[in-house]
Amino acid sequence: MQDVVGNFGDYWELVKSVWQTGVFGHSIGDILIAVAIFGFFYVLRGLFTRFVLAIADRWVERTETKVDDYVRDAIKSPLRFLFFALGFFFATEYLDFGDTAGLITENLNRSLIVVAIFWALYNCVGPVSQGIRKLERILTPEILDWLVAGAKTAVVLIAIATILQTWGIQVAPIIAGLGLFGVAVALGAQDLFKNLIGGMSILIERRFGFGDWIKVDGVVEGNVEKIGFRSTLVRQFDKAPVYVPNQHLSDNSVINYTAMTYRRISWVIGVEYRTTHEQLQRIVDDIRNYIETTDDFVQRPLAPLFVRIDSFGASSIDIMIYCFTKTTNWGEWLEVKEALAYRIKQIVEGAGTGFAFPSRSIYVETMPPPPEEIAASRKDEGA
């Protein structure tokens, strides 16, 4: 019995030792307190978002200027992230790490502060760009967009360099190494890096995304399934997968049908030449009225809409129908187009005329003599 009690005593001493030593020399109680400190700042972050930022949102909505809207949007996320950085700082300060662990935590705290500052600077590039839009009179909007993109890239690069310096990593040797690496790329593996850069340009320019229906003349047409480092997987409509090098998609013109605002219907229908003026007028007016009163079609001025007599063809009077549907989905577009075809046929037949088809008229100036006359002339010639 005494042995059992002694063993329990030893076990209790072991539990107290584990509790006191914990992790990195800190007791489990201290670690729990540090976690509670971090949790307090996390809760404070939620209260700040719920009350302070909500009050700021209501105040901004009452003002007429847009500058405060831009500033609010720029600092909103960095301020919320700052509470995370504060919680981590006070938690690690309470634990008071030493030596290597202390150096790591200090660098982490510095890195979090750098992220918060440069995050705010990155977001402020947008509001600042709105203030220099007057320069569009001198510079084109495309050049201004490039300047804004360059400024954002510069902020990101400076932030990365600052974090590397914080951890004691020298940036200059890295840049020199990149120069040597560029020489190696120039000597070999050019296609690989061309495709890699092409993939990056596709993502940056947002030419297309997953599921988009794209077409590159002479290359591929289908739905995008995956954008990789070297190639993009496009599944054709016959369900065959095609792996296209990113270089072909970045260097060539890409038609993104999914990004269409509306979908076009462009027809030329021909009616018979016997159609009268009144019948033509009725057909054109009824077709135009159907398109203008049907909710499936886009109305002017959002998109062009024409129903006009177009030309006098070889065997028909041609009527041009040019309009756009609200849906861009291929299946729904086919349904709308089919309904329009049915209605046009009803209108043409209801007007008392018909559709023309290729035909040719032959005019004979003189008729050949009857067979009896031909036979009689041959007898006379024989005699």
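The following exercises, each with a worked solution, concern a predicted model.

**Exercise 1. Strand pairing**

Determine how strands β3 and β4 are joined, and describe the connection between them.

Solution. Begin with the two segments: β3 covers residues 231-235 and β4 covers residues 241-245, and the two strands run antiparallel with five bridges joining them. Next, look for an individual pair, and arginine 235 is found to have proline 241 of β4 as its bridge partner. Finally, turn to the connection, where the hairpin has five residues between its strands and lysine 239 adopts a positive phi near 70 degrees.

**Exercise 2. A further hairpin**

Carry out the analysis for β7 and β8, giving the number of bridges, a facing pair and the length of the connection.

Solution. Strand β7 (residues 306-312) and strand β8 (residues 317-325) are antiparallel, and six bridges link them. Phenylalanine 312 lies opposite isoleucine 317, a residue of β8. The two strands make up a hairpin in which four residues separate them.

**Exercise 3. The nonpolar cores**

Identify the residues with the most contacts inside the largest nonpolar core, and state which elements each supply at least two of its residues.

Solution. The largest nonpolar core comprises 23 residues, and within it the most contacts belong to Ile283, Ile287, Ile291, Phe297 and Ile319. At least two residues of this core come from each of β6 (263-271), α9 (277-293), β8 and α10 (330-350). As a step towards the detail, take phenylalanine 297: leaving aside residues up to four places away in sequence, its contacts include Ile265, Tyr290, Ile291, Cys323, Phe324, Val336 and Leu340. A second core, separate from this one, has 10 residues, among them Ile202, Phe208, Val220 and Ile227.

**Exercise 4. Two partly exposed residues**

Explain why valine 52 and methionine 260 are classed as partly exposed, and place each residue in the structure.

Solution. Valine 52 is located in helix α2 (residues 28-62). Its relative accessible area is 43%, and because partly exposed residues lie between the 20% limit for buried and the 50% limit for exposed, valine 52 is partly exposed. Together with Val43, Leu47 and Phe51, Val52 makes a nonpolar surface patch of about 360 Å². Methionine 260, by contrast, sits in the loop between β5 (255-256) and β6. With a relative accessible area of 24%, methionine 260 is therefore partly exposed by these limits as well. As a last step, consider methionine 260 and asparagine 329, which are 69 residues apart in sequence while their C-alpha atoms are 9.7 Å apart in space.

Notes. Residues numbered from 1 in each chain as written. Predicted model: local features only at pLDDT ≥ 70, side-chain atom pairs only at ≥ 80, totals over all residues. Heavy atoms only, no water. Pairing = 2+ DSSP bridges. Core = buried A, V, L, I, M, F, W, Y, C linked by side-chain atoms within 4.5 Å. Buried < 20%, exposed > 50% of the residue type's maximum accessible area, 1.4 Å probe, protein only. Contact = heavy atoms within 4.5 Å. Patch = residues over 30% accessible without salt bridge, like charges linked within 9 Å, V, L, I, M, F, W, Y side chains within 5 Å. Areas by Shrake-Rupley, 256 points an atom, 1.4 Å probe, with all protein chains shown as cover. Salt bridge = Lys/Arg side-chain N within 4 Å of Asp/Glu carboxyl O.
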